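This report describes a single protein chain, going from its cysteines to its strands, core and charged pairs. The sequence and structure come first.

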Amino acid sequence: KKDNQKFKIETNKSNFFCENLYICAGATQSAYLLRKHKLSRFAGRNIKFHLNLKIGAFFKSKIFANNSTIFSIDVDHYKKRGFTFNAANFQKEYFFSSFPNLDNKKIIFYNNNLDNCGIYVTQIKVEGQANLFHNSFIDNPIITYKLREKDVTLISNSIKYLSEILF
């Protein structure tokens with residue numbers, strides 16, 4: 001805010017004024033709210049982010065992932081290389097919503113063998129940036145990502161090393 005400037009926020013229900021405005025909705029949603037309500041033209045530009053890749057694994061033996069809880073320890077042996085791994089919370093609904101491209105045959109197979117399945121996440125610290133756009137015709141933020149060549153290598157390596165750890 002500028003000196004002695006008060007924020008005026010208009011909604012379809014009421015108006016209110018404040019001296020300080022704090023928005024704590026995460027990097028993308030905070031920027032989206034600021035842009036949507038015309039409080040900032042610059043919010044959401046050049047956002048630094050980490051990339052999470054969710055990987056489903058099928059094991060020959062039963063691992064009973066649905067009896068476990070969310071991860072408690074990251075596998076951070078590769079942190080200096082730019083990525084970490086962890087097991088994700090496993091629930092049937094979460095598993096199937098994570099892989100919407102499965103055909104009916106695979107859905108039936110995995111549903112009958114859920115005790116052999118697990119979900120893992122690799123978190124990658126990328127150098128690329130994201131930009132958020134607000135379009136008045138769509139009531140959701142549009143986010144574009146620009147990855148660098150090094151980021152693509154990190155993604156590939158993280159999948160390779162996670163696969164080697166799991167199998």
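## Cysteines

Cysteine 24 is exposed because its relative accessibility is 77%, and the cut-off for that class is over 50%. Cysteine 117, in contrast, counts as buried, because its relative accessible area is 0% and the limit is under 20%. The model is a predicted one, and the search for disulfides in it returns a count of zero.

## Strand pairing

Strand S5 spans residues 117-135 and takes part in several pairings. With S3 (47-58), S5 runs antiparallel, and eleven bridges join the two strands. In this pairing leucine 51 faces isoleucine 124 of S5. S4 (83-87) also pairs with S5 in the antiparallel sense, here over five bridges. Phenylalanine 85 stands opposite threonine 122 of S5.

S6, residues 138-146, is another antiparallel partner of S5, with six bridges between them. A hairpin of two residues makes the connection from S5 to S6. Across this pair, glutamine 129 is opposite lysine 146 in S6.

## Nonpolar cores

Which residues touch the most other members of the largest nonpolar core? They are Phe83, Phe85, Tyr120, Ile124 and Leu166, out of 20 residues in that core. At least two core residues come from each of helix H1 (26-36), strand S3, strand S4, strand S5 and helix H4 (149-166). Another core, of eleven residues, lies apart from this one and includes Ala65, Phe95, Leu102 and Leu114. In soluble globular proteins, nonpolar side chains tend to be buried together.

Two of the residues with the most contacts in the largest core, Phe85 and Ile124, also appear in the strand register. Phe85 is the residue set opposite threonine 122, and Ile124 is the one set opposite leucine 51.

## Helix H1 and the loop after it

The buried residues in H1 are Ser30, Ala31, Tyr32 and Arg35. Packing of the buried H1 residues is against S5 and S6.

Lysine 38 comes just after H1 and has a positive phi of about 55 degrees. Lysine 38 belongs to the loop between H1 and S3. This lysine is exposed, because its relative accessible area of 72% lies over the 50% cut-off.

Phenylalanine 64 likewise has a positive phi, near 50 degrees, and is a residue other than glycine. Phenylalanine 64 sits in the loop between S3 and S4. Its relative accessibility is 39%, so phenylalanine 64 counts as partly exposed.

## Salt bridges

How many salt bridges does a search of the whole structure find? The search gives three. One of them is formed by lysine 36 and aspartate 139, whose closest N and O atoms are 2.8 Å apart. This pair links distant parts of the chain, with lysine 36 in helix H1, aspartate 139 in strand S6, and their positions 103 residues apart. Lysine 36 is partly exposed at 28% relative accessibility, whereas aspartate 139 is exposed with a relative accessible area of 52%.

The side chains of arginine 148 and glutamate 127 form another salt bridge, at 3.7 Å from N to O. Arginine 148 is in the loop between S6 and H4 and glutamate 127 is in strand S5, so that the pair links parts of the chain 21 residues apart. A salt bridge at 3.1 Å, N to O, joins glutamate 127 to lysine 150. Here glutamate 127 of strand S5 is linked to lysine 150 of helix H4, 23 residues apart. Through shared partners, Glu127, Arg148 and Lys150 make up one network. The members of this network are partly exposed: glutamate 127 at 30% relative accessibility, arginine 148 at 45% and lysine 150 at 49%.

Technical notes. Residues numbered from 1 in each chain as written. Predicted model: local features only at pLDDT ≥ 70, side-chain atom pairs only at ≥ 80, totals over all residues. Heavy atoms only, no water. Core = buried A, V, L, I, M, F, W, Y, C linked by side-chain atoms within 4.5 Å. Buried < 20%, exposed > 50% of the residue type's maximum accessible area, 1.4 Å probe, protein only. Helix = DSSP H or I, 4+ residues; strand = E, 2+ residues; numbered from the N terminus. Pairing = 2+ DSSP bridges. Disulfide = S-S within 2.5 Å. Contact = heavy atoms within 4.5 Å. Salt bridge = Lys/Arg side-chain N within 4 Å of Asp/Glu carboxyl O.
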